[in-house]
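This report describes one protein chain for a reader who is beginning to study structures. Please keep the sequence and the model in view while reading.

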Amino acid sequence: MAKRQKPLKAPDKLVFLLSFVPYLLEQRVVDVSEAAQHFGMTEEEIRDAVRLIATSGLPGETGTYQPNDLFDIDWDSFEDDDVIIVVHHVAIDDAPRLSAREAAALIAGLQYLSASPENAGSASLASLMAKLTAGASAAPSRLAVAETEADASLALIREAVAEGRQLEFDYLNARGESGRRRADPLRIISQDADWYLQAFCHTREDVRNFRVDRMSDLVLTDEPIGDHSGRTVPDTLFQGSESDLDVVVDVDPSALPLLADYLADSRTREVDGRLRVTLRLAHVHGLKRLVAGLPGLVTVVAPVEARAAVAEWAAAGLAGYGDREASAAPR
C-alpha cells in the first residue's frame, strides 16, 4: 500500500485508531514496519499511535485511572525490537455481542451465499462465518439452508449468463398464463427474497424480467446469445408503460423507500400519520405481492378494483388457514 504524504486529519485519525486496536489484538504480535505497510502509514506514525493507545483506557468506579484501567504493551519488545504486543486491554470485551440466535441466522445466510457458483470456495465468506462463530455470546445453533427448485434453476441460469448461451423454459406470469420462452440471458438481479433474470425474450422481441421461481423445465441450449451491446438494459426491475395501472396507497413513512421503484411521482400527502402516494404497476396481480411483502404497512385506497383484488386475495389466504385447521382437528 502506498504511503501518504500528508498527516491524518483528526476525524481520519480517529477512524484509524478504531481499526488499529482490533488489528493489534487480532495479530497479537506485529512488527512496526508490518503495521505501517498494512495501514499505508510511516513507521513513526505507527509508533506515535502505539504510545497514544498506551495512555488510553476506561476509568474505574473511583472515576480516576488505575493501572488496570489503561491499555498496556510490552515496552521492552516495543523499544528494543520495534515489535508491538498488547499485554492488557480494556473495554473491548465489554462491547455488545451477537446472541447465538443472531449469529446462527447470519451464518445461515452466508452458507446460502457460499452455495452460489460465483462464491464457491470464497475465503472471505469462510473467514466471516468463523468470526461470527467466535464472536457470538454463545455457540450458534447449527442450521442448514435447504436447496429449493429455484436454487437449482438459478445455478443453470448463472451458467447461461457466464457462457453466453440461450435458455429455453416454461414461464408462468403473474396473470397465471403459461408459455414456452426462448431468451438471451443478460444478467441476474435479486430483490428482497426473489431472483430475477433480465433477458432478451425472442417471443416478445424485447428485454423482459423473469422471476426465477416461475421458470420451469429449463434447457441450456448450444445457441449463443445475440449481440445486445447497443441495447439499453434497464437498471431497475420495473419499467413503466402506457398501459400501467395507477394505484393510490397509504404507506407507513418507514416503508416508503421500499416502494421507490414503483412511485408514479414524488408527491406525498400525510393522512392519519401515513403518506398517501401513487404507485404505477403493470397490473393488479403485482399489487398483491407488494402488499403481502409489507404487512400492515400499506393500505390500498384506490381504484376500487385494486382494493377488491387485494381483499379477495387476502380472504382466500385466510380461508386456506381455516381449511388447514379444520383438517388437523381430531375427529
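## Ser77 and its surroundings

Apart from its neighbours within four places in sequence, Ser77 makes contact with Asp82, Val83 and Ile85. The model in which these contacts are found is a predicted one. Ser77 belongs to helix H4. Its relative accessible area is 15%, and because the limit for a buried residue is under 20%, Ser77 counts as buried.

Helix H4 also holds Asp81. Is Asp81 buried or exposed? Asp81 has a relative accessibility of 54% and is therefore classed as exposed, since that class begins over 50%. Helix H4 thus offers an example of each class: Ser77 is buried, whereas Asp81 is exposed.

## The chain as a whole

The protein chain contains nine helices and twelve strands. It has 331 residues, of which 31% count as buried. The area that the chain exposes is about 20,700 Å², and 52% of this area is supplied by carbon and sulfur atoms.

Contacts can also be sorted by how far apart the partners stand in sequence. Among the contacts between residues at least 6 apart in sequence, 56% join residues that are at least 24 apart. An individual example of a spatial separation is given by Asp265 and Thr278, which are 13 residues apart along the chain and have C-alpha atoms separated by 7.1 Å. Asp265 is located in the loop between strand E9 (245-251) and E10. With 27% relative accessibility, Asp265 is partly exposed.

## A negative surface patch

Which residues form the negative surface patch? The patch consists of Asp31, Glu34, Asp76, Glu79, Asp80 and Asp81. Helix H4, which spans residues 75-81, gives the most to this patch, with four residues. Asp81, described above as an exposed residue of 54% relative accessibility, is one of the patch members.

## Salt bridges

The count of salt bridges comes to 14. One of them joins the side chains of Glu44 and Arg47, with an N to O distance of 3.2 Å. Why are Glu44 and Arg47 separated by about one helical turn? The reason is that Glu44 and Arg47 are three residues apart in helix H3 (residues 43-53). The two partners differ in accessibility: Glu44 is partly exposed, at 41% relative accessible area, while Arg47 is buried, at 16%.

Another salt bridge is formed by the side chains of Glu168 and Arg180, with an N to O distance of 4.0 Å. This pair links distant parts of the chain, for Glu168 is in strand E4 (residues 165-172) and Arg180 is in strand E5 (residues 178-191), twelve residues apart. Glu168 has a relative accessible area of 22% and is partly exposed. Arg180 is also partly exposed, at 39% relative accessibility.

A further salt bridge connects Asp206 with Arg208, whose closest N and O atoms are 3.4 Å apart. Asp206 is partly exposed at 34% relative accessibility, and Arg208 is partly exposed with a relative accessible area of 34%. Elsewhere, salt bridges that share partners join Glu43, Glu44, Arg47, Asp48, Arg51 and Asp82 into one network. Two residues from earlier sections of this report return here: Glu44 is a partner of Arg47, and Asp82 is in contact with Ser77.

## Backbone features in loops

Most residues other than glycine have a negative phi, and most peptide bonds are trans. Where is Arg28, a residue other than glycine with a positive phi near 70°, placed in the chain? Arg28 is in the loop between helix H1 (10-27) and strand E1 (29-31). Its relative accessibility of 63% makes Arg28 an exposed residue.

Asp272 likewise has a positive phi, of about 55°, although Asp272 is not a glycine. Asp272 is found in the loop between strand E10 (269-271) and strand E11 (274-281). At 78% relative accessibility, Asp272 counts as exposed. The peptide bond from Ala302 to Pro303, in turn, is cis, and its omega is near 0°. Pro303 is placed in the loop between strand E12 (298-302) and helix H9 (304-328).

Notes
Residues numbered from 1 in each chain as written. Predicted model: local features only at pLDDT ≥ 70, side-chain atom pairs only at ≥ 80, totals over all residues. Heavy atoms only, no water. Helix = DSSP H or I, 4+ residues; strand = E, 2+ residues; numbered from the N terminus. Buried < 20%, exposed > 50% of the residue type's maximum accessible area, 1.4 Å probe, protein only. Contact = heavy atoms within 4.5 Å. Areas by Shrake-Rupley, 256 points an atom, 1.4 Å probe, with all protein chains shown as cover. Patch = residues over 30% accessible without salt bridge, like charges linked within 9 Å, V, L, I, M, F, W, Y side chains within 5 Å. Lys, Arg positive; Asp, Glu negative; His and termini not counted. Charge placed at Lys NZ, Arg CZ, Asp CG, Glu CD.
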